[in-house]
Amino acid sequence: MKCPFCQHPDTQVVDTRLSEEHNSIRRRRRCQSCDKRFSTVEAVEMRMPLIIKRSGEKVMFDPAKLYTSLNRALHKRPIDSETVEDTVAAIESRLYHLGVKEISSQAIGEMILAELAHIDEVAYVRFASVYKSFHDVSEFTQVIASLHKKP
Ligand SMILES: [Zn+2]
C-alpha cells in the first residue's frame with residue numbers, strides 16, 4: 001500500500017478492525033518514510049476467511065494472536081524469530097488461498113499443529129495440550145505417539 005502523502009511504497013499496518021457487518025476491514029497504516037498515518041477500507045470478500053470461534057463468535061484472523069500462541073508454545077525453545085515469522089506467513093497464506101469465507105478456529109488449530117510438528121516437538125506438545133485440552137494421560141500419550149509416526 002503506497003503512502004498517499006509521499007508515495008513511499010512501504011507502509012505498516014498499525015491497527016486492523018472489522019466493521020460490525022463483517023463486510024469491510026479498516027486498517028490504520030503508518031508510512032515508514034514520512035511517518036504520516038492514514039486509513040484504508042477493504043472489502044472483506046477479497047481477504048482472509050472469518051474465524052468462527054467455539055462460542056460461535058466470528059472474528060478476523062489476527063496474525064498478532066498467532067504470534068502470541070506460537071511464541072508461547074516455543075518459549076525457551078531453540079527456534080529463531082525468523083522461523084516463527086515464516087510459520088505465521090505460511091498459515092496466513094494457506095488461509096488466504098483456501099478461498100473460503102469462514103473457517104473454524106479448530107481448523108486453524110490443526111494447521112498450527114501441522115506446522116509445529118515440523119519445527120519443534122516440545123512446542124507441538126505444548127500447543128496440543130492447550131488446544132486439545134487433553135482429558136486424560138492416554139490422550140496425551142496418543143499425541144506423542146502420532147508425532148513419532150510422522151515422516
Ligand atoms: Zn509517506
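# Legends to the close-up views

**View 1. Phe 5 lies in the segment before E1.** The model shown here and in the other views is predicted. Phe 5 has a relative accessibility of 47% and therefore counts as partly exposed; the cut-off for exposed is over 50%. Leaving out residues up to four places away in sequence, Phe 5 touches Cys 34, Lys 36, Arg 37 and Phe 38. The two phenylalanines, Phe 5 and Phe 38, are 33 residues apart in sequence, and their C-alpha atoms are 9.2 Å apart in space. One of the residues touched by Phe 5, Cys 34, is also a zinc ligand through its SG atom.

**View 2. Four cysteine sulfur atoms coordinate the zinc ion.** The donors are the SG atoms of Cys 3, Cys 6, Cys 31 and Cys 34, at 2.2 to 2.3 Å from the metal. Along the chain these donors follow the spacing C-x2-C-x24-C-x2-C. The angles subtended by the four donor atoms run from 104 to 118°, so the arrangement around the zinc ion is tetrahedral. For comparison, the ideal angle for four tetrahedral donors is 109.5 degrees. A search for disulfides over the whole structure finds zero.

**View 3. Burial of three of the zinc ligands, Cys 6, Cys 31 and Cys 34.** Cys 31 has 0% relative accessibility and so counts as buried. Cys 34, at 29%, counts as partly exposed. Cys 6 is likewise partly exposed, because its relative accessibility is 35%. The cut-off for buried is under 20% relative accessible area.

**View 4. Gln 7 and Lys 76 have positive phi values although neither is a glycine.** Most residues other than glycine have a negative phi. Gln 7 has a phi of about 70° and is placed in the segment before strand E1 (11-18). With a relative accessibility of 45%, Gln 7 counts as partly exposed. Lys 76 has a phi of about 60° and sits in the loop between H1 and H2. The relative accessible area of Lys 76 is 75%, so this lysine is exposed.

**View 5. The largest nonpolar core has 24 residues.** The members that touch the most other members are Leu 66, Leu 70, Leu 95, Ile 112, Leu 116 and Phe 127. At least two residues of this core come from each of helix H1 (63-73), helix H2 (81-98), helix H3 (105-119) and helix H4 (121-131). H4 gives the largest share, six residues. For Ile 112, neighbours within four places in sequence are set aside; the contacts are then Leu 66, Leu 70, Ile 91 and Phe 127.

**View 6. Helix H3 has seven listed positions that are buried: Ile 108, Gly 109, Met 111, Ile 112, Leu 113, Glu 115 and Leu 116.** The cover over these buried residues includes strand E4 (50-52), H1, H2, strand E6 (102-104) and H4. H3 has 15 residues and spans 21 Å from its first C-alpha to its last. This span is close to the 21 Å expected at 1.5 Å a residue. An α-helix has 3.6 residues a turn, so residues three or four places apart point the same way.

**View 7. Ala 128 of helix H4 is shown with Leu 113 of helix H3.** Ala 128 lies in H4 and counts as buried because its relative accessibility is 0%. Leu 113 is among the buried residues of H3. Ala 128 and Leu 113 are 15 residues apart along the chain, and their C-alpha atoms are separated by 6.9 Å.

**View 8. The chain as a setting for the other views has five helices and six strands.** Along the sequence, these elements follow the pattern β-β-β-β-β-α-α-β-α-α-α. The chain has 151 residues, and buried residues make up 30% of them. Of the contacts between residues at least 6 apart in sequence, 41% join residues at least 24 apart.

Definitions and conventions:
Residues are numbered from 1 along each chain as its sequence is written. This is a predicted model: local features need pLDDT of at least 70, side-chain atom pairs count only at pLDDT 80 or more; totals for chains, interfaces and linings use all residues. Side-chain values use heavy atoms; hydrogens and water are left out. Donors are N, O and S atoms within 2.8 Å of the metal (3.2 Å for Na, K and Ca); water is not among the atoms, so sites may look incomplete. Four donors count as tetrahedral if all angles lie between 85 and 135 degrees; four count as square planar and six as octahedral if opposite donors are over 155 degrees apart and all others between 65 and 115; anything else is irregular. Buried means under 20% relative accessible area, exposed over 50%, partly exposed in between (1.4 Å probe, protein chains only). A nonpolar core is a set of buried Ala, Val, Leu, Ile, Met, Phe, Trp, Tyr and Cys residues joined through side-chain atoms within 4.5 Å. Helices (H or I, at least four residues) and strands (E, at least two) are DSSP runs, numbered from the N terminus. Contact means heavy atoms within 4.5 Å. A disulfide is a pair of cysteine sulfur atoms within 2.5 Å. The expected span of a helix is 1.5 Å times one less than its number of residues.
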